[in-house]
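Biologist: I would like us to take a close look at a single part of this protein and then to place that part in its wider setting. Please explain each term as you go.

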Amino acid sequence: MNQEMNGVEAERVLENIVHDKIDYVYKVVVIGDSAVGKSQILSRFARNEFSFDSKSTIGVEFQTKTLTINGKVIKAQIWDTAGQERYRAVTSAYYRGALGAMLVYDITKRQSFDHVARWLEELRAHADSSIVIMLIGNKGDLVDKREVRSEDAVEFAENEGLFFSETSALSGENVESAFITLLQEINRVVSKKSLECQGHGKKANGDATLKGSKIDIISGQELEISEIKSSSSCSC
């Protein structure tokens with residue numbers, strides 16, 4: 001019993017240490033039609049799990065995963081929402097503060113790819129203009145049922161300035177690498193904006209009212225969903 005309790009206490013201590021070391025929290029949203037595998041991709045990345053009994057998401061769910069990028073401890077806060085039309089009322093709140101997005105379609109369902117343009121339009125209408133977007137063709141393990149050519153997706157991604165990857169939530173192929181690529185690019189964008197803000201700040205002799213785009217970052221000390229806000233932002 002004592003050994004079991006010690007193990008639990010040790011795990012809690014470890015969680016607290018990790019929590020204290022978190023530098024930033026980046027919010028990422030996952031969008032796309034219903035049944036394309038959004039929740040499964042998220043589950044595979046966050047917990048390395050896949051459920052054959054997965055049910056459609058109702059409303060909004062989120063999961064987190066902590067990893068190190070360029071020497072910074074980043075907590076990815078990944079939001080997953082239902083793809084059904086009746087849940088689209090959550091749009092504004094869902095996209096608010098998002099620095100990255102996974103736009104998912106099913107390679108075995110052409111219609112899900114045809115709807116990607118609509119999802120992208122909605123995303124860009126509600127999210128910040130600097131949001132990093134990754135186009136994901138999921139269910140790559142079902143190549144014999146493919147209805148969407150990789151070439152079509154690559155062309156669309158290039159035309160729209162998106163990153164692209166084909167994944168399989170079932171096997172886990174490319175799931176982690178796709179998320180890491182997205183988070184690395186988010187970190188690059190955030191770092192670049194931080195440097196620009198610092199440069200403008202020096203030119204303005206410390207003027208804190210400089211105008212321009214806002215960096216929306218959640219610090220490691222503000223992890224509660226109800227308190228999502230910018231703690232390291234500027235208006236340069």
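In which loop does aspartate 33 lie?

Modeller: This is a predicted model, in which local features need pLDDT of at least 70, side-chain atom pairs count only at pLDDT 80 or more, and totals for chains, interfaces and linings use all residues. Residues are numbered from 1 along each chain as its sequence is written, while side-chain values use heavy atoms and leave out hydrogens and water.

Aspartate 33 lies in the loop between β1 (24-32) and α2 (38-47), where helices (H or I, at least four residues) and strands (E, at least two) are DSSP runs numbered from the N terminus. Aspartate 33 counts as buried because its relative accessibility is 11%, and buried means under 20% relative accessible area, with a 1.4 Å probe and protein chains only. The side chain of aspartate 33 is joined to that of tryptophan 119 by a polar contact of 2.7 Å, that is, a pair of N or O atoms within 3.5 Å, of which, within protein, one must be able to donate a hydrogen and the other to accept it, and residues adjacent in sequence count only if both atoms are side-chain atoms.

As for the wider setting, the protein chain has 7 helices and 7 strands, and 44% of its 236 residues count as buried. The largest nonpolar core (buried Ala, Val, Leu, Ile, Met, Phe, Trp, Tyr and Cys residues joined through side-chain atoms within 4.5 Å) holds 27 residues, of which Ile78, Met102, Leu183 and Ile186 touch the most other members. Both β1 and α2 are among the elements that give two or more residues to this core, although α7 gives the most, with 8 residues.

Note on methods. Buried means under 20% relative accessible area, exposed over 50%, partly exposed in between (1.4 Å probe, protein chains only).
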